[in-house]
Amino acid sequence: MTVSRPRLIVAAVALGAVALSLAACSRPAPRDVVVVTLDTVRADRLGVYGNRDRLTPNLDRLAAGGVVFEDVTAPAPVTLPSHASLFTARYPTRTGVRNNGTFVVPAEERTLAEVLKDAGWSTAAIVASYPLHARYGLAQGFDVYDDDFPALAQPEGGGIPVFFPERHAREVTDRAIEIWDRMGPGPRLLWVHYFDAHAPYAPPAPWSDRHPGAPYDGEVAYVDSEVGRLLDALGESGRPRVVAVVADHGESLGDHGEKTHGVFLYQSTLRVPWILCAPGELPAATRVAAPASLVDVVPTLLDLLGLPPLDDAQGASLLATVRGGDAPDRPVYGESFVPKLDYGFSELRTLRAGTLKYIDAPAPELYDLASDPGERDDLGGDSAEARRIAGRLQEFANDEDADAESRAAGRLDPEAIASLRSLGYVAGGPGGGFPSGRGRDPKAMVSYLRDYDRALGMLSEARFDEGVALLRRLVPQAPENDRVPLQIGAALLAAGKLDDAEHELSALVARSPRFLEALLLLGDVDGRLGRIDAAIGRYREAAAVAPDSPEPPLRLGRLLESVGRFDEAAAAYLDGVAKAPSDPETSAALVALRTSRGDLALAATELDRLIAATPEAVALRCARGRVALRA
């Protein structure tokens, strides 16, 4: 029988519709995506990774319904670089993000949030501590980026703060649930970051009582309980979802002589958990033994969602491996530039080739993790195997993006430095850039690093004489580390020994004239000594070093206000607000000055003008609200 042309067209259209329908059925429907990052959580603290202390029943329950990746490496044992690699699927060699506080994820990087937002997902993030503040670039692609941390806590007794401001897990969960419920009917991406397992370890009751003498374990158990509460609340909608839980890095807890994390590249800080759960799409109770990296998380998620991969991703989707296919044959990379940037020592790099792990240091190391998971038996960096892996590592380093550092290097931010000065790492070196040369092997400086941490602890407890004495003993051991004399100067200033502080800081600035913190502290010393013009000069030098930072004009404004030069002080505050509209401290100082002078109408006018220029600056709107309330 002959079919007429109109019927052929109708048949073709029908067949096309069937084909489109089949294609649509083959691609998973949009699903809610939940990414949970557990800051500073070692893989070996989870029951599903072998721990028998029942610290993590909720994470273990999640793992029972999904996939456990057994051998996952963090790209860096530092919060911001690791998260940047996680969300871009690119190693720090490509993102250029090498440390906290002085690097910013470049706007050119494409993140998971941007991909999903463009594909129709609503996006929100709740982060728990300062290294992930929006100013460091990971807010791109998020409709909501909640980084409302408390103010940096000042130690009792006038000590110098050494730990981050953070939100505790219960508050993070409460906020995440609140935001989730407001995100609308379409597919949602929610990233939730927990920070509690980071030092100092202080779990609340009852976890503190359940883990006496093991506060780190108590923190991990506390976070697990909140992850369970979060996932239970998010599951009440009954909508299908994909859940990925990872840690950004682990914690040394004394392994290899390191107290916390950030310097060394041993498994205690680089091996991290990764649990992936997608009921109905991924097999339950599945374990993947092949080496993986955090850069593989986003490629796997996008593959699972049926979305195209990221351009220039260095990670690979492991979805086929989960479903029984072969694992990708490629090395796994890690690095730490903290020793170079924070202390002037050598950077460290590592490459995994199967079970062999090579650490590139001035004295290189090689370990077979299959027989030596604790990395106690160094096979030596001169063996044939070590040289082979070193050659592959060199090829990897040669492929580094030469422009990455310049794109990612942020200006030294004193507010960030104050918040980031911790026992694990501080915020950048005296020049804000890379010191030249390889530097000392960090392995040879274990006792030095331990004593440096002890000295910072003394300063936080206002034990200034003891802390300064210990720091002075460290100076000749590593004279290239300018942060030691900086800490001495800060301690002397806090102790009221102004002449001694001036002597220490002046010598430091003579060696490193662009050391922003030293310039600011010298300005503080001059101000305390009544040398107002000299202090003004120091703050202006600091402003020239960091023209985008609000800190020099903020300190200048406070000095001028203290001596009754109110109009000049207001001009300095306005300068600081214009440079950093999102900085709440500077706008608050402006409002306080105008309020004390009875100039609320002028404050309203100034803030309205600033808000018109930067309507996204929440700090300015909050300041404007305070003016309205006081009026």
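Which residues are linked with R42 in a network of salt bridges? Select R42, D44, R45, D217 and D255 together: these residues form the network. Keep in mind as you go that this is a predicted model.

**Stop 1: the salt bridges**

The network is one place to begin. A search of the whole structure finds 51 salt bridges. Three single pairs come next.

Select R98 and E335. Their side chains meet in a salt bridge, at 2.6 Å from N to O. Now look at where each residue sits. R98 is in the loop between α4 (92-95) and α5 (112-118), while E335 belongs to strand β12 (residues 332-336), so the pair ties together parts that are 237 residues apart in sequence. Turn on the surface. R98 has 4% relative accessibility and counts as buried. E335 is buried too, with a relative accessible area of 2%.

Move to D296 and R330. This is another salt bridge, and its closest N and O atoms are 2.5 Å apart. Distant parts of the chain are linked here: D296 lies in the loop between β11 (292-293) and α10 (297-305), and R330 in the loop between α11 (319-322) and β12, 34 residues apart. Check the surface again. D296 is buried, at 0% relative accessible area. R330, at 21% relative accessibility, counts as partly exposed, because buried means under 20%.

Next, select R110 and D118. A salt bridge joins R110 to D118, with 2.8 Å between the closest N and O atoms. Buried or exposed: which word fits D118? D118 counts as exposed, at 57% relative accessibility. R110 counts as partly exposed, at 37%.

**Stop 2: strand β14 and its two partners**

Leave the charged pairs and select residues 356-360. This is strand β14, and it is mostly covered: four of its five residues are buried.

Add residues 348-353, which make up strand β13. β13 and β14 pair in the antiparallel sense over five bridges. Pick out T350. Its bridge partner in β14 is I359. Now follow the chain from one strand to the other. β13 and β14 form a hairpin with two residues between them. Click on G354 in the turn: its phi is positive, about 65°.

Then add residues 365-368, strand β15. How many bridges join β14 to β15? Four bridges join them, and the two strands run antiparallel. Select Y358 and look across to β15, where L366 stands opposite. β14 and β15 also form a hairpin, with four residues between them.

For a last look, show side chains along the strands. In a regular strand, side chains alternate between the two faces of the sheet.

Conventions:
Residues numbered from 1 in each chain as written. Predicted model: local features only at pLDDT ≥ 70, side-chain atom pairs only at ≥ 80, totals over all residues. Heavy atoms only, no water. Buried < 20%, exposed > 50% of the residue type's maximum accessible area, 1.4 Å probe, protein only. Pairing = 2+ DSSP bridges. Salt bridge = Lys/Arg side-chain N within 4 Å of Asp/Glu carboxyl O.
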